[in-house]
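Visitor: Could you take me through one part of this model at close range? I would enjoy a connected account.

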Amino acid sequence: MADPILSVRDLVTYFRPEEGVVRAVDGASFDLYPGGTLGIVGESGCGKSVTARSILRIVDRPGEVESGEILLRRDDGGIVDLAKIDPRRREMRAIRGGDIGYVFQEPMSSLSAFYTIGNQLMEAVRLHRAVTTKEARQRAVELLQLVGIPRPEQRVDAYSFELSGGLRQRVMIALALAAEPRILIADEPTTALDVTTQAQILDLIRRIQDERRLAVILITHDMGVIAEMADTVAVMYLGKVVESGPVDAIFHAPRHPYTQALLRSIPSVLAEPRSRLATIAGSIPHPYARPEGCPFHPRCARSIAGVCDRTVPVVTKLDERHEVRCVLYGRPAEAAE
Amino acid sequence: MLAYILRRLWLGLVTVVAISIVSFVIIQLPPGDFVDAYISNLSASGSMVSQQEAQSLRQQYGLDRPVWVQYGKWMTKVIQGDFGMSMEWGRPVTEVIGDRLWLTIVVSIAAIILTWGIALPIGIFSAVRQYSIPDYAFTFVGFAGLAVPNFLLALIIMYFGFTLFDLKIGGLFSAEYQLAPWSYGKVGDLIAHLPLPALVLSLAGTAQLIRIMRANLLDELRRPYVTTARARGLAEWRVVLKYPVRAALNPFASTIGYLLPFVVSGSIVVSLVLSLPTVGPLLLRALIAQDMFLAGTIVLLLGVLTVIGTFLSDLILMWIDPRIRAGMHE
C-alpha cells in the first residue's frame, strides 16, 4: 500500500471557554490514502467535525489544536505538519482550498447571500491560481458543469438563495474543488438534504473522486452512507478513535462494543416486524462531565467494573489495518503494573 | 420593480398629506394662539394691547376662522411655494429659515460622517476581538457616551475650553463674521468652528452605533458562510470585511430614513447650548411663541424629509440586498 497522503497522529483539540475545558478531540489518529475514502463515523458531539476542522486549522475560538501531528504529504514527497503551522500564515491559507477542499453540512447558510455564486467561485479560483477575471469566470462555469448544475453559464450569476438545497450543495462542492485540491473533506454533506438528493450528492462525490483521484474524508453519523462510500472507517467516540479498519472488517467483524452497538441500531428491512429498533443505552455525557477510564464504559454492555472505569484503554492491533481501543482485546498499558 | 417604486411613491404622498394635517392640528392644540402669546409677552414687559388690536391681529392672520379653513388656506399657499409669514419675525418663513437650513445641513453631515467614521471601525474591531481588553475599553466608553446627555457634554467641553484654554466655544462663526455676507473668510471661519459641535453632536450616535455594529457583526461572524470563506483559504481580514461586515452593514441602510430629518433639525438642545444658528432652536422658539406658520413649515419639512428618507432607504436596500431584488420578481 502507498504512503498515506494525510496522517493524523494523536490529535488533541480542546475548547477552553471560561467554564472549563471541553476535550473535543482527545487523541485521534487515522490515515488517508491517495484515492481512498476514509469514513469518520460517530454520534453527534463525538468530535468528528472538530477533527476535520482541526486539519484545516479553522476551529472556532476558543478551540485550539493542543498537540499531535497532522502530516500532509505534498506532491514532491515533502511532508508538512499542519499542527505546527500558525493558522494565520499564508502557508496554511494556501493549503486550505489549495490542497484540501472542505464541504460543509449546511448548504443553506454556507454561501453568502450578498454575492453571486460566480463571485464566490471566482474568488476561490483566484486565491490559488494566477488567472485573469475572465479566465476565472470561465473556470467557474466549468466547475458548475463538473458538479452537474444545468445551464452553468446562467447559474454562475445566480445568488445562492435562488437555488435548491441540492444545487447549493453542488455549488459547495464546486467551491471546494475550485483550486483542484488532492483531498476533499466532506463534513456531513448530505445531512441537510432529502433522501433522493442525498444519493445524487454521494454519486457526484464518488464520480469526481474517480475522475480526479481525490482522497476523501467523509464525515457522517449514517452507517449506510459509510457502507456505500468508504473503504476505511474510523469510529469516533468522545474525541477518540475507538475502532478503525477496512469497511468490510468494521461491518462484518466489529470488535469495539460501541461499533457493535452502532451497527445494531441501523434499521433493517430484514428485521422482525414490530420489533423495537436497538438503541445505544444512555446518551453522550455532558462535555464537562467526562467519565473516568474508557469514555464509553457507562453505556457499555460489556464494561468490566474496576477496569473500564479506572484505566484508559490503549490501541490494540488486531491485524495489519484493523485496530481497536478496548480492554477486551488487550491489556491496557496503565493496568499492567 | 417600477410598480413597486410607484406604489412606494404614492404611499409616501399620502403619508405627507397625513403628516401635514397632524402637524397642523398639533400646533393648534395648546390653548390660546399666537396673539395670546404675543399679548402675554407684551404685558410682561409692561405694555398693554387692547381688545380691538388683538381682534384685528387675529383677523390679519386669519386666526378667527375655523381650523380646517386655516389649514386649507395654508396648504393652498404651500403648494404654490408660499409658506406664509412668520408672525413673530414679521418676515416670510422661507427667509427666516434661510441660511439656518444650510448651516444645519453642514453641521449635521459633519456629525454623521464623524459618527460613522469613528463608530464603524471600532464596532468591527470590538466584534472581531470580542472580550479583549480594547473591546472592554470601547464598551465602557460606549456606555458612558450613551449615558451622558449630549448637552451636558457640550456644557462640560465649553467650561473646560473656557477655563483651561481660554476658548470661547459656541456658535458657528466668530463675532466679526456673524452678520457679514458670505466670503471665503467666512467659510474658513465656519470650517474652524465646525469640529467641536460636530464632535458633540456625534458622540451619542457614535456610542450607539458601536454597540449596534458590534452586535450585528457578532451575529454574522458565527454564521457558517464565514467558516466556508476561511476554508477556501481567504485571509482573515478579507473574510471579515467581504462577508460578515457586508451583511452587518445592511441594516444601516434602513436607518437613512431617520438620518435625513436629523440632518435638518439637528439636535435641538445641544444646538441651543452651543448657540448654533441652526433650525433646531428656531423650531423651539416658534413653538413657544405659537408662531404657527414657521413651526408648521419646519414640522412639515421634517415630516416630508422622513418620508423621502424612508423612500431612499427602500431604494438603497433594493440596490444593495439581492434578496429584496429577488423577492420583487416573484
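Guide: Let us start with B:L164, which sits in helix 7 of chain B; helices here are DSSP runs of H or I with at least four residues, numbered from the N terminus. B:L164 counts as exposed because its relative accessibility is 59%, where exposed means over 50% relative accessible area, buried under 20% and partly exposed in between (1.4 Å probe, protein chains only). The model is predicted, so local features need pLDDT of at least 70 and side-chain atom pairs pLDDT 80 or more, while totals for chains, interfaces and linings use all residues. Residues are numbered from 1 along each chain as its sequence is written, chains are lettered from A and ligands numbered from 1 in the order written, and side-chain values use heavy atoms, without hydrogens and water.

B:L164 joins B:F151, B:L152, B:L155, B:I156, B:Y159, B:F160, B:F165 and B:V269 in a nonpolar surface patch of about 890 Å². Patch members have over 30% relative accessible area and no salt bridge, with nonpolar side chains (Val, Leu, Ile, Met, Phe, Trp, Tyr) joined within 5 Å and like charges within 9 Å; a salt bridge puts a side-chain nitrogen of Lys or Arg within 4 Å of a carboxyl oxygen of Asp or Glu. Areas follow the Shrake-Rupley method with a 1.4 Å probe, and for residues only the protein chains shown count as cover. Helix 7, residues 150-165, gives the most to this patch, with eight residues.

For buried residues in chain B, turn to helix 13 (256-265), where B:G257, B:P261, B:V263, B:V264 and B:S265 are buried. They pack against helix 5 (93-128), helix 15 (279-288) and helix 16 (292-320) of chain B, contact being heavy atoms within 4.5 Å.

Terms used
Helices (H or I, at least four residues) and strands (E, at least two) are DSSP runs, numbered from the N terminus.
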